[in-house]
Amino acid sequence: MKTLPITTWLSRVATLLLLLIWCYQAHAQTPADTLDAFLLARMRQQRIPGLQLAVVQRGKIVKLGQYGVANLQDSIPVTAQTRFTINSITKAFTGVAVMQLVEAGRLDLAAPTSRYMSGLPAAWQPVSVRQLLTHTSGLPEVMSEDELLTEENASAIWAKVQTKPMDFQPGEKFAYNQTNYVLLGQIIDKLSGQPFAQFIQERQLNVVGMPRTVFGDAHDVVPHTARGYTFYHMVDGEMGRSKQLRNVFEMFPPFTRTAAGLNSTAEELARWVLALQQGKLLKASSLPALWTPGVLNNGTQRGFSGFLNGYALGWPTISRAEHPAVAPVGGGRNALFVYPKDELAIIVLTNLQGANPDNFVDEIAAHYLPDMRATAGFGLPPTIRALHQELRKRGFSHANALVKQEKKKNPQYQLPEDEVNAWGYRLLSQAKPKDALEVFKLNVGLYPESANAYDSLAETYAELGNKELATKNYQRSLALNPKNTSAAAYLENLK
């Protein structure tokens, strides 16, 4: 038997090791790989035409993704250069602009608005700059459903809104309101000595290097902008959802563009987040103030309903024990989540009004932070999370029995109706309608006089194709709440 030289053996071993490494790399799934599959499935489920993604982790952009179609009519795909209307994420830029004026010593967040603006109605004058930023001012809404705000009638409508009474006393409650940011735009104009759009351009966009981020709306020519779409439309004065996709033409008159007016890309927004965290736009010491939610007169914080439970300086917030976040959202179609404690940020832009990516950004984050997986119940209230984890083992058909057992052990055991309902919709968003059905059945059992509980159960039966039980539960919901338009519309369609 011929003996091979040691160098030949080493060469063959090295070749074998390289082959094994190549095979491992070729077949190992990275978070980015599984994330692509997740996003494509979500787009199919929600019929989202186009989507753009950026993920920032530990100070670097670790993933960029482009999926689907930017323009259905012309079959134009989403690319890295596609611009998306970011709607109210613009408010986060306004918050940064205000903090830049604070750092320059020109503005005090606690000061009344009247310190910086003369001629305001008497009731408006005590409202603080912070209350404008956090939507706790009580000012009347400038953008009403009764009158379309355009560039031509902007002055008249602004004059008109100043004659209206306050909605509530400043600091009494949270009410999302565009008037707040129109007034902030005027304050920026005055204190910076230039139009707010120019101030934001020079102090943020140019500093970061964001050539594709521009102000504009449907009246402006903004090249390579994704067209907007929606499934929602008005039926007899009520908003309803149809199967037909319609175009959306969004208009933001120039004086309102501190509230919603920017167009951008996921990559440029990622670079903006990095610049913010790296001290290029604000001092590091200013970030806590920027991201601290406003507090009402009674000492509590408030935000949108659901998990966006606070509102800071242009930034909605998610206050929770695990993985808190600041999370600007826009137009029901865009979301920008920053997880400060996790060194993670995720930007999702879509062209579907109603896509609500804020509902699944945490699931994207779970590809990088495994303990955030929704299947494990992350984000659910503690009591429901414990039940969720037990039902994953036993099957969701045991929900009612398990709750009865817990109530026998502990008479104080409670599952709030809205939390159970949100749990069911969370399962629906994870493409688990059968599990969601069991949760909605549980809620009806717990709250048999709730029209909303029956409505959610009926909706799920309809999604599963069970018209008989969908009809039965919609009828019960309508009997409990005759103003339930979704139930009435479903029953009318059956006729």
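I looked first at how enclosed helix α6 is: 13 of its 15 residues are buried, so the helix is largely enclosed by the rest of the structure. I took buried as under 20% relative accessible area, exposed as over 50% and partly exposed as in between, with a 1.4 Å probe and protein chains only. Helices here are DSSP runs of H or I with at least four residues, strands are runs of E with at least two, and both are numbered from the N terminus.

I noted that this is a predicted model, in which local features need pLDDT of at least 70 and side-chain atom pairs count only at pLDDT 80 or more, while totals for chains, interfaces and linings use all residues. Residues are numbered from 1 along each chain as its sequence is written, and side-chain values use heavy atoms, with hydrogens and water left out.

I then checked the length of α6 (residues 178-192), whose end C-alpha atoms are 21 Å apart, in agreement with the 21 Å expected at 1.5 Å a residue; that expected span is 1.5 Å times one less than the number of residues. Just after α6, I found G193 with a positive phi of about 75 degrees.

I turned next to aromatic pairs, where ring centres of Phe, Tyr and Trp (its six-membered ring) lie within 6.5 Å, and planes under 30 degrees apart count as stacked, over 60 as edge-to-face and the rest as tilted. The structure holds 17 of these pairs. In one of them, F38 and F360 meet edge-to-face, 6.3 Å centre to centre with 70 degrees between the planes. Both F38 and F360 are buried.
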